[in-house]
Amino acid sequence: MAPQPSSAAAAGVKSAFFPFKSAGLGSSMPPPITATATVAAAATANASTGSLMERIPTYSGLPQTAVSLRQMVDFGRQPSEVTMLRAAQFLHRELPIRLARRVAELANLPHGLSAMPAVARVKQWYEQSFVDLLRFPLPEHAGVPATLLAEKMVVGGSRRSGFRYSDPVRGAAAPPELEAYNSRFVALIEAIKRRHDPVASTIAQGVLELKDHWRRTNSPLLRHPNGANGGSPLLLPGDVQAFLDRFYMSRIGIRMLIGQHVALSRPNPPADYVGIICTKTSLRRVALEAADNARQVCIDHYGLFPGQCPEVRLVLADPSGAPLSNLSSSASASSGNDVEFMYVPSHLHHMLFELLKNSLRAVVERHGLDVDSYPPITVVVAAGNEDITVKISDEGGGIPRSAIPLLWTYLYTTADSPAREEDFDHGDFRAPLAGFGYGLPLSRLYARYFGGDLRIVSMEGYG
């Protein structure tokens with residue numbers, strides 16, 4: 001089926017494309033970088049929380065170390081206790097830097113956002129995780145033999161302790177002290193990851209608290225300047241929007257590093273997986289799963305029968321020039337053509353699920369609940385030499401061109417906002433169909449994290 005002209009927000013063609021080269025990443029990804037941050041080598045297990053918190057300004061000024069998808073795959077293909085020690089050493093130095101940067105920013109947000117209770121709560125979580133990491137002993141203070149520790153390297157003309165994430169050491173025996181140390185470190189970062197599970201929704205709640213404060217005080221920040229647009233409500237100041245982009249992108253990176261390390265520590269990984277990265281991610285399989293999940297949410301939200309819900313059709317372009325294959329959302333994930341590439345399937349699923357939820361809502365609400373059938377939603381996948389492009393098109397009515405920039409504004413939504421539950425964002429499928437207003441901005445950050453992008457085109461009145 002030929003793709004339909006497009007829409008936006010809750011209705012339209014959403015093209016999420018992922019630059020794909022031999023390394024599995026776009027050319028915009030940085031090359032491997034050696035960590036050069038010098039950190040205190042002394043044990044801090046007995047240090048007070050206050051003294052450790054005083055180190056946050058120092059850590060927040062240290063540079064982060066970029067790690068590419070290819071580096072993580074090369075490093076983790078044959079994990080051992082020694083390679084896991086190398087990764088633990090890297091994360092033990094890298095994670096406090098990333099956490100400290102967020103603490104420093106959370107303490108100095110514009111427009112009084114730092115004073116909101118929800119934001120203060122998130123800041124406390126980041127501070128606690130920072131302290132937990134600094135209290136965790138270095139391997140040389142935990143009985144790990146010195147022969148297994150990373151050696152000094154000369155970086156940039158000065159002698160500093162450096163650890164190259166993609167430089168594994170193979171074939172070394174693993175003493176019990178090393179196994180115990182690695183297990184303790186995995187338990188620590190798993191606990192940190194669980195602590196930060198509700199961060200996305202809690203920060204969103206903090207922004208809502210700020211907007212409520214503006215309403216109570218009749219703040220001019222809720223109005224367009226000079227009475228533009230009839231004095232209609234202004235969504236968010238640009239500096240708050242920029243903070244949310246930085247904050248959520250950092251969160252994706254932190255969770256990526258932790259998730260990869262934890263997954264590498266587990267035995268018997270699935271075929272073609274290196275940690276949470278799949279070297280042969282099946283776009284067909286992920287797309288069909290996302291479509292089935294999104295349709296189920298749509299069915300539950302509107303009270304539809306399964307046969308009533310709009311169909312999602314997956315169209316896969318054959319790189320040889322053969323005719324396109326056309327699969328419905330109920331088709332088997334093992335049938336037909338496919339596009340395979342190195343990626344994080346959970347990231348891909350998140351993006352497709354959010355976009356398909358928007359399209360399904362737009363189609364159902366445009367055509368009503370009493371129609372006999374709905375026009376299908378089409379997902380077209382095209383794999384070129386450099387890019388893999390996914391285009392989602394619907395007939396949900398589109399939106400005005402002037403509203404398209406608002407789609408990337410956090411907490412903007414065309415749906416009624418449902419009551420928020422404390423843990424609604426702990427899983428993709430427990431969220432309601434729409435109404436929280438950060439599905440699209442976060443999906444674009446996921447696409448951009450590995451060099452891709454998410455774009456929206458609308459044909460107002462159609463889709």
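Which residue stands opposite E340 in β8? In this predicted model, that residue is S282. I shall begin with the sheet to which this pair belongs, and then turn to the helices, a salt bridge and a hairpin.

Residue S282 closes strand β5, which spans residues 277-282. Strand β5 pairs with β8 in the antiparallel sense, over three bridges. The sheet itself is open and has three strands, in the order β4-β5-β8, with antiparallel pairing. Its edge strands are β4, at 273-274, and β8, at 340-343, each of which pairs on one side only. As a general point, the strands of a sheet pair through backbone hydrogen bonds, either parallel or antiparallel.

Two helices pack on this sheet. Helix α9, residues 283-302, touches β5 and β8, and its direction makes about 80 degrees with that of β5. Helix α10, residues 345-367, touches β4, β5 and β8. The direction of α10 makes about 105 degrees with that of β8.

I now move to a pair of helices. Two packed helices are described by the angle between their axes and the distance between the axes. For helix α7, residues 199-216, and helix α8, residues 238-264, the angle is about 165 degrees and the axes are 11 Å apart. Angles over 145 degrees count as roughly antiparallel, and α7 and α8 are therefore roughly antiparallel to each other. The crossing of α7 past α8 is right-handed.

Which residues of α7 and α8 meet? From α7 there are V199, A200, I203, A204 and V207; from α8 there are L244, F247, Y248 and R251. Sorted by class, this contact has eight nonpolar residues, one charged residue and no polar residues.

Next, the salt bridges. A search of the whole structure finds 15 of them. One salt bridge is formed by R98 with E94, and the closest N and O atoms are 2.7 Å apart. Both residues lie in helix α4, which covers residues 81-106. R98 and E94 are four residues apart, about one turn of the helix.

Finally, I come to strands β9 and β10. Strand β9, residues 377-383, and strand β10, residues 387-393, pair in the antiparallel sense over six bridges. How many residues does the hairpin use to join β9 to β10? The hairpin joins them through three residues. Across this pairing, A383 stands opposite I388 in β10.

To return to the opening question, S282 is the residue opposite E340 in β8, and the sheet around them carries both α9 and α10. Thank you for your attention.

Key:
Residues numbered from 1 in each chain as written. Predicted model: local features only at pLDDT ≥ 70, side-chain atom pairs only at ≥ 80, totals over all residues. Heavy atoms only, no water. Pairing = 2+ DSSP bridges. Contact = heavy atoms within 4.5 Å. Axes fitted to C-alpha atoms, helices over the stretch in contact; angles between N-to-C directions. Parallel < 35°, antiparallel > 145°, perpendicular 65-115°, else oblique. Left-handed = near helix turned anticlockwise from the far one by under 90°. Nonpolar A, V, L, I, M, F, W, Y, C, P; charged D, E, K, R; others polar. Salt bridge = Lys/Arg side-chain N within 4 Å of Asp/Glu carboxyl O.
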